[in-house]
Amino acid sequence: MPFGFVTGVAAISAGMSAFEGIALSVLSFSGIAQLIVSQLMAAGSPILLTIAAAFVVSLRFLMYSAAVAPHVAHLSLRWRLLLSYLMTDQIFASSVRRYEAAGDKRYLHFHFLGAGVTLFTTWQVAVALGVLAGAAVPASWSLDFAVVLSFIALLVPAVRARADLAAAIVAAAVALFAAGLPYRLSLVAASLAGIAAGMALELMKERRR
Amino acid sequence: MSTWLVILGVSACTFLLRASFIVFADPHKFPRRFRQALAFVPPAVLAAIVAPGLLLVEGALDLTGGNPRWIAGVVAIVVGARTRSMLATIATGMVVLWLLQWVMR
């Protein structure tokens, strides 16, 4: 809920109309992608770079999709399209846990759908509230900082191993040093450098075994 | 107009990435190395957004007491690690920021 609200406020502060902010939220249904779009739009980035940055931050969906695919392969195309659309970080975590547990799994896609629709509804309501509040909140409240804080709340649990920490530190350092690049190119450069650093540590660990 | 191109382009990306293996491809053909690399997307991307948000003031690195954002951010990181709660992290960070801004005024 608070993340959705912040996302809605960010869309308005980036210069989107209320309708555009809500359309972005309903169509893309990804908080991180929505926030990236708002940040880059506010920085005046070109269209293609904005889309490329959203693509990079959404690469994690490839991993989710591959993990869930074997469990839903027996469903019709319509079901698989619907479940793809509803896939988020939270739904991925809860559905994979259920698919890996013991028991009857024939009807688990109904659970997936139910959880997905619930999350979708709450998310859109929260974003809409943020969009409505966005125009009314004065700049002196520094609500843009709430965007950074929601990313902190996502970052902390994402750092589980030493290689994750290396990825985060390298990405942070590159983001600071490359901050002078135009159109926030630093975001994509820093993300790729962080991924490379994490991967390097992972390979070193494997070689030591 | 350009806003709508961005909205449609970004939405196509998020949907196609989500549908990739569920609808189009065979997950057994997913290279292991690539899968390992994807696991680093969240920490790398999130840190790349957080660091400038805390440490850059008008484009320059500011680690002094005159920049309340990094202090509020460090408090938020500690609260996030302890509580794992998004609401607690955002609320504490905002309150610390407002307090510091009020003290410095």
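Start at A:Leu165 in this predicted model. Select A:Leu165 and show its helix: the residue sits in helix 10 of chain A, residues 162-177. Is A:Leu165 buried, exposed or partly exposed? Its relative accessible area is 41%, so A:Leu165 is partly exposed. Now add A:Gly198 to the selection. These two residues are 33 places apart along the chain, yet 7.9 Å separates their C-alpha atoms.

**The two domains of chain A**

Color chain A by domain. Domain 1 runs over 2-140 and domain 2 over 159-209. Their C-alpha centres are 24 Å apart. Next, select the residues where the domains touch. Domain 1 of chain A puts 10 residues into this contact, and domain 2 of chain A puts in 6.

How much area do the two domains of chain A bury between them? The figure is about 710 Å², with 82% of it on carbon and sulfur atoms. Look for salt bridges between the two domains of chain A and the count is 0. The count of residue pairs in polar contact between these domains is also 0, with both residues at pLDDT 80 or more.

Show helix 3 (31-42) and helix 4 (47-57) of chain A. Each supplies at least two residues to the side of domain 1 of chain A that touches domain 2 of chain A. By residue type, that side of domain 1 of chain A has 7 nonpolar residues, 3 polar and no charged.

**A buried histidine**

Move to A:His109. Find it in helix 8 of chain A, residues 108-134. A:His109 has a relative accessible area of 8%, so this residue is buried. Which residues does A:His109 touch, leaving out those up to four places away in sequence? Select A:His74, A:Leu75, A:Trp79, A:Leu83 and A:Tyr99 to see them.

**Between the chains**

Show both chains. The contact takes in 82 residues of chain A and 65 residues of chain B. Together the two chains bury about 6400 Å², and 81% of that is on carbon and sulfur atoms. On chain A, select A:Leu62, A:Phe145 and A:Leu176. These residues lose the most area to chain B, together 10% of what the chain A side buries.

Now turn on polar contacts. Between chain A and chain B, 13 residue pairs are in polar contact, both residues of each pair being at pLDDT 80 or more. Which helix gives the largest share of the chain A side that touches chain B? Select helix 9 of chain A, residues 144-158, which contributes 14 residues. The chain A side facing chain B divides into 61 nonpolar, 14 polar and 7 charged residues.

**A threonine from chain B**

Cross to B:Thr14. This residue belongs to helix 1 of chain B, residues 2-24. Its relative accessibility is 1%, so B:Thr14 counts as buried. Show what surrounds it. Not counting residues up to four places away in sequence, B:Thr14 touches A:Leu27, A:Ser28, A:Ser30, A:Ala33, A:Ser58 and A:Phe61. Then look within chain B: a polar atom of the B:Thr14 side chain lies 3.0 Å from the backbone oxygen of B:Ser11.

**The salt bridges**

Finish with the charged pairs. Over all chains the structure holds 4 salt bridges. Across the interface of chain A and chain B there are 3.

Begin with A:Asp144 and B:Arg69. Their side chains form a salt bridge, 3.2 Å from N to O. Why does this pair join two chains? B:Arg69 lies in helix 4 (residues 68-83) of chain B and A:Asp144 in helix 9 of chain A, so the bridge runs from chain to chain. A:Asp144 is partly exposed, with a relative accessible area of 45%.

Then select A:Glu206 with B:Arg32. Their side chains meet in a salt bridge at 4.0 Å, N to O. A:Glu206 is in helix 11 (residues 185-208) of chain A and B:Arg32 in helix 2 (residues 32-38) of chain B, so this pair too joins two chains. At 22% relative accessibility, A:Glu206 is partly exposed.

Keep A:Glu206 selected and add B:Arg33. Here the closest N and O atoms of the salt bridge are 3.1 Å apart. The pair crosses between chains, from helix 11 of chain A to helix 2 of chain B. B:Arg33 is partly exposed, at 37% relative accessibility. For a last view, show A:Glu206, B:Arg32 and B:Arg33 together: they are linked in a network of salt bridges.

How values were computed. Residues are numbered from 1 along each chain as its sequence is written. Chains are lettered from A and ligands numbered from 1 in the order in which they are written. This is a predicted model: local features need pLDDT of at least 70, side-chain atom pairs count only at pLDDT 80 or more; totals for chains, interfaces and linings use all residues. Side-chain values use heavy atoms; hydrogens and water are left out. Contact means heavy atoms within 4.5 Å. Buried area is the accessible area (1.4 Å probe) that two parts lose on being put together, summed over both. A polar contact is a pair of N or O atoms within 3.5 Å; within protein, one must be able to donate a hydrogen and the other to accept it, and residues adjacent in sequence count only if both atoms are side-chain atoms. Helices (H or I, at least four residues) and strands (E, at least two) are DSSP runs, numbered from the N terminus. Ala, Val, Leu, Ile, Met, Phe, Trp, Tyr, Cys and Pro count as nonpolar, Asp, Glu, Lys and Arg as charged, and the others, Gly among them, as polar. Domain bounds come from an automatic or database domain assignment. Buried means under 20% relative accessible area, exposed over 50%, partly exposed in between (1.4 Å probe, protein chains only).
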